[in-house]
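Reader: Got a model open here and I'd like to talk through how a couple of its pieces fit together. Can we take it one question at a time?

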Amino acid sequence: MSPPEKILPPVYSTERTAVAVGGTALLALTFQSLGIIYSDIGTSPLYVLNGIWPSSGPAPSKEDVIGGVSAIVWSLTLVPLLKYVIIVLQFGTKEGEGGTFALFQGIFPPEEQNDDDDRALTCESAFMRAHSARSSSEKLAAIKWPLLAWSLFGTALSIADSILTPAVSVTSAVAGIAVAKPDVINSITPISIAFLIALFGAQRFGVHRLGLTFAPLTLIWLLLLGGTGIYNITKYPGIFRAFDPSRLVMFFVRTKKYDYLAGILLAVTGCEAVFANLGQFNKLSIRLGFSFFVYPMLVLAYLGQGARLITDGEAVMSNIFYSTIPGPVGGALYWIVYVFAILASHDHRVLQFGEHFAGRPPPLRNDVETASVSQIQQLVGLRSLPPLRMIYTSETIQGQVYFPVVNYLLMIGTIVMVAVFKDLAKLTNAYGFAVSTVMFVTTSLVALQAYYTKHLPLIVAVGFFLIFGFFDGLFWGASLRKVPHGAWVPLMIGFVLMLAMVFWTWGKGLEDHFDGMNRKNLRHFIVVDESDSSREKKIRKRITSTQASSKPGTLTYVAGETIKSQGEDDEVEEDDETEASIKAHHTLYLVPEDQSQPRRQLARLPTCAVFHKLTSGRGVPHTFYGFLRQWPSLPRVVIFLSVKTMNVNRIPTEERYTVSKVRTLQGFYGVTYALGFRDDFNMDVNEIIERICGLESRVGVNDEPAAFANIQEIREAAKQTTHIVPHYHVVSHGIRGLGFLNAPIAWVRALLIEALYRRIATMFPETENWLGSADEIIRVGINAEI
């Protein structure tokens, strides 16, 4: 006998993995990261010193300048470099994602999915089977929801930061023109808004293109910072005393002004974007870029500004950054630095929006915006946000994505902030609180993961929390005092977003639990005519798994019920009473849930139906049973289709489909449609039918006339194909056991689920990112009491 046709495609994995590159590819990724991650922290020199010593106040003394610059240098060393780059980057997910929500995933990792389970139509749902929980999840199960809310609060504040950061960055960069041209000071707001519109409009080109475009600009910007810093240091070399940490201690002891920390905090805003953008790059590329280039350039810039502030005093107080550029105000170097300040702040803001929902102050940066996008990708994937239209922008890195609706909402929010907070000082007041809170959320979650997931000694986790929690607490306390002066804005935005995400996680969790608990074994509610029932039971007991070759494409009986192709050279020997013994013309019956009711005959129609499975798991969704109750007939060919996005960019068309067949019910098939993350959804029913026919020809090899007739029926039925998409009409179940509280709690629960969650779920269907034309679809609804 000729070898069986190969039905299974080569093995692809749905699991994302961290980006792993080396050599020149690593250097290229490091270079690209400059244009994405460091816009916020890299443009902080534009406004930090004036954030500590406002232009309206007197010039600080020499010792105060040295102490303030020392606080900046050591803050940069302890927070972005030591905490984030060296330590926190180690705590990304196995997919290579970062951010506060990724830390929560590390403590409570999602269940791993088996693609074969999606095609197992006659097996019980995994929800029905006991399975052990991970030790870390088990130990912390009691505080899972508080930790979820805490991590989502950090993520929400990152999103609020993504709104504020471009506003602060662009406004601060544009303000430089007023130093050389004071008459345009009243035009700063409209000019800033114009730049913001251009910035957000560029986001659709994706992290890869924007990174390559802006990386050279950021490189030149940082070199300008370092170069001007070195020149300015020569004016007062004694500024190097700022490396002495005792100077910063004496600074606060002498001045007794705790509020200075709020200005110093601005120097490290953007450090969370280093971790949040991990999914778009990798640990090594970020570490190389920050440690050996970004950090030294920033330190030189602050030292240089401090040196000039000591020597020039009041002459540079109006705008310390622009006034300390070597050469005359309005000279060639001045305008060169000004242009690159605009470009540097512009490029970072937009790109980072992707990772967490994230942001920061004065220059226009992409780092926070791309960070927000990355976090949004995590939240959508783990069902803490509704499905949003997502566009992959890279051929090689799955974490580089673009959400159109999120981008435009951020743009609107940022423009509103610029228009409302016309004063840059008010914008910076609103800015720091979100950053310091996210820093503390990160510290607490890293400490928990270090002990419970990484299994590091308790002293290490506690030490990390106490040391970095102390620094985070200092910054948070200083920024908390700004709440009445504008910091209430990110706090309000973050709190509202957190409530929305917790609510969606709760509602979607209830719906998914209902789906899992009500998945059905196909053979439990569809049976052949009663005359064959005893013979059917005998067959089901006798079917066993045959020995399969390790080579790709042999037909194998799986779990006694399903056939799929796995090897290439092995032949198949069938039991006398197997697939061929249950003919297509046998009558099928629908078994009612109420066993006292009679079975309903299911007529077979000469058509093909593709039933889309929107959630993973064994068995068939409850909506299919509801479909049969509403329309008591069966198409000749029923295909249960699961769509999987693999961790490769593209998959050849001929390798996208994996087909399994139910042995004891004719005409039922499970199909996995595998897509690369850059592939468009373009499901080809004809390709699936060809694979089904190939599988049927191998199954019926011992009865070729019957197999031929079966294949002809399948091809004829496929000429009329309908796509069926399930939908749950959720309703709230009643509340019992709480006495007089039953009625009010039931009313609130019904309001949240039926009036709010159900309406939002209808607006954001699960098929948002992949389903085809709406005129080919039948949507089947079923009541789900959750």
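Reader: Which helix holds glycine 67?
Author: Bear in mind that this is a predicted model. Glycine 67 sits in helix α4.

Reader: Is glycine 67 buried or exposed?
Author: Anything under 20% relative accessible area counts as buried. Glycine 67 has a relative accessible area of 0%, so the label is buried.

Reader: Leaving aside neighbours within four places in sequence, which residues is glycine 67 in contact with?
Author: Sequence distance won't tell you much here: glycine 67 and serine 246 are 179 residues apart along the chain, yet 8.4 Å apart from C-alpha to C-alpha. With neighbours within four places set aside, the contacts of glycine 67 are Arg247, Leu248 and Phe251.

Reader: How is α4 oriented relative to α12?
Author: Helix α4 covers residues 62-87 and α12 covers 245-255, and their axes lie 7 Å apart at an angle of about 125°. That angle makes α4, relative to α12, oblique.

Reader: What's the handedness of the crossing of α4 and α12, and how many charged residues are in their contact?
Author: The α4 and α12 crossing is left-handed. On the α4 side the contact includes Glu63, Asp64 and Trp74, and on the α12 side Arg247, Phe252 and Arg254 are among the residues. By class the contact has seven nonpolar and four polar residues, and the charged ones number four.

Reader: Within what arc do the buried residues of α12 fall?
Author: Those buried residues are Leu248, Phe251 and Thr255, and their cover includes α4 and α13. Seen down the axis of α12, they line one face of the helix, because their arc is within 50°.

Notes
Residues numbered from 1 in each chain as written. Predicted model: local features only at pLDDT ≥ 70, side-chain atom pairs only at ≥ 80, totals over all residues. Heavy atoms only, no water. Axes fitted to C-alpha atoms, helices over the stretch in contact; angles between N-to-C directions. Helix = DSSP H or I, 4+ residues; strand = E, 2+ residues; numbered from the N terminus. Parallel < 35°, antiparallel > 145°, perpendicular 65-115°, else oblique. Left-handed = near helix turned anticlockwise from the far one by under 90°. Contact = heavy atoms within 4.5 Å. Nonpolar A, V, L, I, M, F, W, Y, C, P; charged D, E, K, R; others polar. Buried < 20%, exposed > 50% of the residue type's maximum accessible area, 1.4 Å probe, protein only. Arc of directions from axis to C-beta.
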